[in-house]
Amino acid sequence: MTKKYITTAIPYVNGKPHIGHAIDYCLADVCARYYRACGDSVKLQVGTDEHGNKIAQKAKELNVPVQEYVDENAANFRSFIKKLNVSYTDFVRTTDKKHEQRVKEIWQKLSGHIYKAEYEGWYCVGCERYITEKECQENGGICPDHQKPYEKLKEENYYYRVADFKEQIRDAIEEDEILILPDFRKKEMMRLLEETPDVSISRPTSQLTWGVPVPGDESQVMYVWMDALANYITVLGYPEKDISGWWPATAQFVGKDILRFHAILWPALLLGLGLPLPKTIVSHGMVLADGQKMSKSIGNVVEPLEVIDKYGLEAFRYYFLRHVDTFADADFTWDKYDDAYNNELANDLGNLVQRLATLASKNDIRINTGTSIAIYSEEYDDLMREYKFSKAFDLVWVKIQGLNKRIDEEKPWNLAKEGEIAKLYTCMCGLIKDLLQANHELAPFLPETAEKIQNVFAGDKIQPPKTPLFPKH
RNA sequence: CGUGGGGUAGAGCAGCCUGGUAGCUCGUUUGGCUCAUAACCAAAAGGUCGUUGGUUCAAAUCCAACCCCCACAACCA
């Protein structure tokens, strides 16, 4: 039995869960379920990122204490994750006292690579943030949101000297010691590594207070990445516990927009701590709404809960795990979602279960379920281990569609009419066993459906489900 | 000259690395079947593979230039 540690990106809880979070969770969950089915012991981390100005501001607007605000949002995310049927084992919050304590210790361990420096740049009082030189020029030195001129401000920050580890990280990525998927993202990271500016990891308390204080300097608070990235190991109990049983992570799932922090800064932090590097970082794409990026200003945001409500969770997982390519961006439209549900879940799979179960029931066919052990096809295993989940899912579907074709070719109803009992039995058992085989491969993606199918055919007497698996709408 | 991805039938995509009669799913049309959720199976129609030029007996596939779309560019997956 091998141990596998799988992680998800922890969302910033200043808003509602969206489709992107769901993708991250679902991919990690498929991975976890797959490895568990292979007999591995799996830890799956999820969590929430709860510090920072935006959250503090939001709480202020709502006139509630910050802690109360983040408690509520963290709970919100937790119930979302549960709704997605994500088989997580650990939930970490960056406001956990233990996490905060551990991050401080981590900071101290890294002190040899941390230095203090002055930052100078254009600052907008209204936005309460620094903007780039380029943005300043484009706006003619005046903030378009606040109609105020930018001010030149200076502040002191702590920086992490990423450059100390540049060579090591480059080699690790190059040699796939950290396997970055997909390959074109690896290339992108290699390019990006050529310029590795040191990363600002703190803010003065004059600007930010809702965060973990920097040990030994009350005037500074840790900035997002140090705090957030550390969650992957603080949740395991680092530094006071020996985490070598679980760390390095088998796979870390992240959105492509935060890949750079996971592929460069995060390894730099780990190397600074003398910890091994994660084995794989899987960067998934974004979900577009009708070809456009979802955004609040365009108003085309698709609410995941709304999608789940339409046909249930299994349909949601189906669409986003199969029709959204694991690595590339993909599109969501309600029309496509309806088509996928009706043509594929209802017609292909639901109907297949219905017709096979009815045939078995009418002819009193039973099957010895002991013969249906979860053995994955080599092709499926390969795809799953390369994290090509949507491709693996396609493969499962080819099997399901193939079964519909075989039923038509073998015509078991004719065998029944002609009284060919032995042939009928062989035929039906073959079909059912192959369905259960495909069902095992389906299980990491659609766990509830797979269980239902197993129950339909595994009982003493095979009966079609009282209500179809995926009723048509 | 920021970085990366993409432009192939009405739609969504595969093929490109390792050149050799252009493939899949949905949709459309027609036929078949009846175990099944009017589901299933089969067949047909539909493409000058972004543009131009080059290499080659042969290019969607290799090379060059150009056009167009998208994402990322120190915190909104």
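**Exercise 1. Where is the place of Asn63?**

Solution. The model used in these exercises is a predicted one.
Step 1: Asn63 lies in the loop between α2 (53-62) and α3 (66-83).
Step 2: Now look at the backbone. Asn63 has a phi near 60°, which is a positive value in a residue other than glycine.

**Exercise 2. Find which residues a cis peptide bond joins, and place the prolines.**

Solution.
Step 1: Leu181 and Pro182 are joined by a cis peptide bond, with omega about -5°.
Step 2: Pro182 is found in the loop between β7 (179-181) and α7.
Step 3: Tyr238 and Pro239 are also joined by a cis peptide bond, and here omega is about 5°.
Step 4: Pro239 belongs to the loop between α9 (231-234) and β12 (251-255).

**Exercise 3. Describe how α6 and α7 pack.**

Solution. Two packed helices are described by the angle between their axes and the distance between the axes.
Step 1: Helix α6 covers residues 166-174 and helix α7 covers residues 183-194; their axes come within 10 Å and cross at roughly 165°.
Step 2: Angles over 145 degrees count as roughly antiparallel, so α6 is roughly antiparallel to α7.
Step 3: The crossing of α6 and α7 is left-handed.
Step 4: On the α6 side, the contact is made by Lys166, Ile169, Arg170, Ile173 and Glu174. On the α7 side, Lys186, Met190, Leu193 and Glu194 take part.
Step 5: Sorted by class, the residues of this contact of α6 with α7 are four nonpolar, no polar and five charged.

**Exercise 4. Describe how α6 packs with α10, and sort the contact by class.**

Solution.
Step 1: The axes of α6 and α10 come within 10 Å and cross at roughly 115°.
Step 2: The crossing of α6 with α10 is right-handed.
Step 3: From α6, Gln168, Ile169 and Ile173 meet Ala263, Ile264, Pro267, Ala268 and Leu271 of α10.
Step 4: The contact of α6 with α10 divides into seven nonpolar residues, one polar and no charged.
Step 5: Set the two lists for α6 side by side. Ile169 and Ile173 are among the residues that touch α7, and Ile169 and Ile173 also meet α10.

**Exercise 5. Which residues of α13 and α17 meet, and how do they divide by class?**

Solution.
Step 1: Helix α13 (residues 334-362) and helix α17 (residues 421-442) have axes that come within 11 Å and cross at roughly 145°.
Step 2: α13 passes α17 in a left-handed crossing.
Step 3: α13 brings Leu349, Leu352, Val353, Leu356, Leu359 and Ala360 to the contact, where they meet Met428, Leu431, Ile432, Leu435 and Leu442 of α17.
Step 4: By class, the contact of α13 with α17 has 11 nonpolar residues, no polar and no charged.

**Exercise 6. Find the largest cavity and describe its lining.**

Solution. Rolling a probe the size of a water molecule over the atoms shows where empty space is left.
Step 1: Searching the whole structure gives one cavity of 30 Å³ or more.
Step 2: The largest cavity holds about 30 Å³ of space.
Step 3: Its lining consists of Ile106, Leu110, Met226, Leu229, Ala230, Ile233, Trp266, Leu269 and Leu273.
Step 4: Match these residues to elements. Those that give two or more residues to the lining are α8 (224-229) and α10 (259-273).
Step 5: α10 provides the largest share, three residues.
Step 6: Sort the lining of the largest cavity by class: nine residues are nonpolar, none polar and none charged.

Note on methods:
Residues numbered from 1 in each chain as written. Chains lettered and ligands numbered in written order. Predicted model: local features only at pLDDT ≥ 70, side-chain atom pairs only at ≥ 80, totals over all residues. Heavy atoms only, no water. 1 Å grid on protein atoms, 1.4 Å probe; cavity = no way out; pocket = protein on both sides within 12 Å on 5 of 7 lines; lining within 4 Å. Points joined across faces, edges and corners; volume = space filled by probe spheres on them. Helix = DSSP H or I, 4+ residues; strand = E, 2+ residues; numbered from the N terminus. Nonpolar A, V, L, I, M, F, W, Y, C, P; charged D, E, K, R; others polar. Axes fitted to C-alpha atoms, helices over the stretch in contact; angles between N-to-C directions. Parallel < 35°, antiparallel > 145°, perpendicular 65-115°, else oblique. Left-handed = near helix turned anticlockwise from the far one by under 90°. Contact = heavy atoms within 4.5 Å.
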